[in-house]
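Me: Walk me through reading this model, feature by feature. Start each time with the general idea, then show me the case.

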Amino acid sequence: MTELADGAPGSICLFRLSALGDVCHCIPAVRALRRRFPDASLTWIIGSGEHRLVEDLDGVEFVVVAKRDGWRAFPRLRRALDGKRQDVLLVAQVSARANLLSLAVPARRRIGFDRERSREGHGLVVHERIPAAPGQHQALALQSFAAVLGADPGAEDRAPPVPEAARAFARSHLEESGRAVLISPCSSHPGRNWRAERYAAVADWVIGEAGRPVVLIGGPTDIEREAGAAIERAMRARPLNLIGRDTLKQSLAMLERAACLVAPDSGPVHFADALGTPVIGLYAATWSRRSGPLASLEHCVDRFPEAAERFLGKPPEKIRWGRRIEVDGVMDLVEVRDVVARLERLLGRGH
């Protein structure tokens, strides 16, 4: 691949395999690059599970990498690219696996994170870096990969694609748009999860005091199914439990149609936020200032500063940006009354 006549890159490759929330954050950058360089080929190297979230994006060629392939992914990726040299490779991930796998992609320019956010050998696989921005939210950091090429990600471009068939599924369960409260109780990091009885108390308040339906959503894993069942057992009222019964696209449509979402730091927080649905994020193991729902930070219950003092003995400003505190008891710093107060402010009280 070579540059186009006007000096613009003829080929751009985004390397971001995971996780779902960060892949969602990349959507504005991808759309901005497509607008800025309409004649360039645009490739996204992505994980297999994450591909389901963005597979409907227009103007993007995907190269899917399965985590189960392990190091076999390296030769498979080289074959998938057919030896094509990219004009620009955006290495938007810093894990050791991602850094090494990115070497399978020949590129004239290799752009990665700034030094402060680099780790596990990231600096060895890139030639250029996005600007340093201490304390920057992760969503804005990922948008910087488009900005460094002169593309301007817009806030209106954040929503993942939602097929009409998925919207029909959502309408069949949520007749009235903007009324139901969705609860997605689980993160893929167990240390970020809240107790089932606390979710149950919040759900009972929504149904009994706010007069609104509650829908439990989540994937088909045993942990998620067990969490949903535990919440139901602890409740006085009855929610609609769709955990393990919908697809990723259907859950997007449900979030799009909801009044708000209650969830820990996880992918659905960012899906809902990108779709314009208010989010009450539950934060103590991580800091919402870095990884919270960008447009709903005011609604989050964030106890990370207290967690930093209690478990690390220092204020959050004194620990490495992005540090997690996924230890026993940390999420107990988030109280039911805090979540109910946010809900009451968002929804009001009464039928």
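Me: Is Glu120 buried, partly exposed or exposed?

Reply: The model is predicted, so keep that in mind throughout. For exposure, read the relative accessible area: under 20% is buried, over 50% is exposed, and partly exposed lies in between. Glu120 has 48%, so Glu120 is partly exposed.

Me: Where is Glu120 placed?

Reply: Look for the elements on either side. Glu120 sits in the loop between strand S5 (107-112) and strand S6 (128-129).

Me: What is the phi of Glu120?

Reply: Check the sign, then the residue type. Phi of Glu120 is near 55 degrees. That is a positive value in a residue other than glycine.

Me: Which peptide bond is cis?

Reply: Read omega. The bond from Ser18 to Ala19 is cis, with omega near -10 degrees. Ala19 belongs to the loop between strand S1 (11-15) and helix H1 (20-36).

Me: In what order do the strands of the open sheet run?

Reply: Follow the pairing from one edge to the other. The order is S3-S2-S1-S4-S5-S6, with 6 strands and parallel pairing. Strand S3 (61-65) and S6 are the edge strands, each pairing on one side only.

Me: How many bridges pair S5 with S6?

Reply: Count the bridges, then note the sense. S5 and S6 pair over 2 bridges, in the parallel sense. For one contact, take Gly112: its bridge partner in S6 is Arg129.

Me: And how many bridges join S1 to strand S2?

Reply: Here 5 bridges join S1 to strand S2 (residues 41-47), and the two run parallel. Within this pair, Leu14 stands opposite Trp44 in S2.

Me: How many residues of S1 are buried?

Reply: Go residue by residue, then sort the side chains by direction. In S1, 5 of its 5 residues are buried, so the strand counts as mostly covered, buried being under 20% relative accessible area. Ser11, Cys13 and Phe15 point one way, while Ile12 and Leu14 point the other way.

Me: Which residues form the positive surface patch?

Reply: Look for like charges grouped on the surface. The positive patch is formed by Arg119, Lys314, Arg320, Arg323 and Arg324.

Me: Take Arg323. Is Arg323 buried, partly exposed or exposed?

Reply: Apply the cut-offs again. Arg323 has 35% relative accessibility, so Arg323 counts as partly exposed. Its place is the loop between helix H12 (304-312) and helix H13 (336-347).

Key
Residues are numbered from 1 along each chain as its sequence is written. This is a predicted model: local features need pLDDT of at least 70, side-chain atom pairs count only at pLDDT 80 or more; totals for chains, interfaces and linings use all residues. Side-chain values use heavy atoms; hydrogens and water are left out. Patches are made of residues with over 30% relative accessible area and no salt bridge: like charges are joined within 9 Å, nonpolar side chains (Val, Leu, Ile, Met, Phe, Trp, Tyr) within 5 Å. Accessible areas come from the Shrake-Rupley method with a 1.4 Å probe; for residues, only the protein chains shown count as cover. A salt bridge is a side-chain nitrogen of Lys or Arg within 4 Å of a carboxyl oxygen of Asp or Glu. Lys and Arg count as positive and Asp and Glu as negative; His and the chain ends are not counted. The place of a charge is taken as NZ of Lys, CZ of Arg, CG of Asp or CD of Glu. Helices (H or I, at least four residues) and strands (E, at least two) are DSSP runs, numbered from the N terminus. Buried means under 20% relative accessible area, exposed over 50%, partly exposed in between (1.4 Å probe, protein chains only). Two strands pair if DSSP finds at least two bridges between them.
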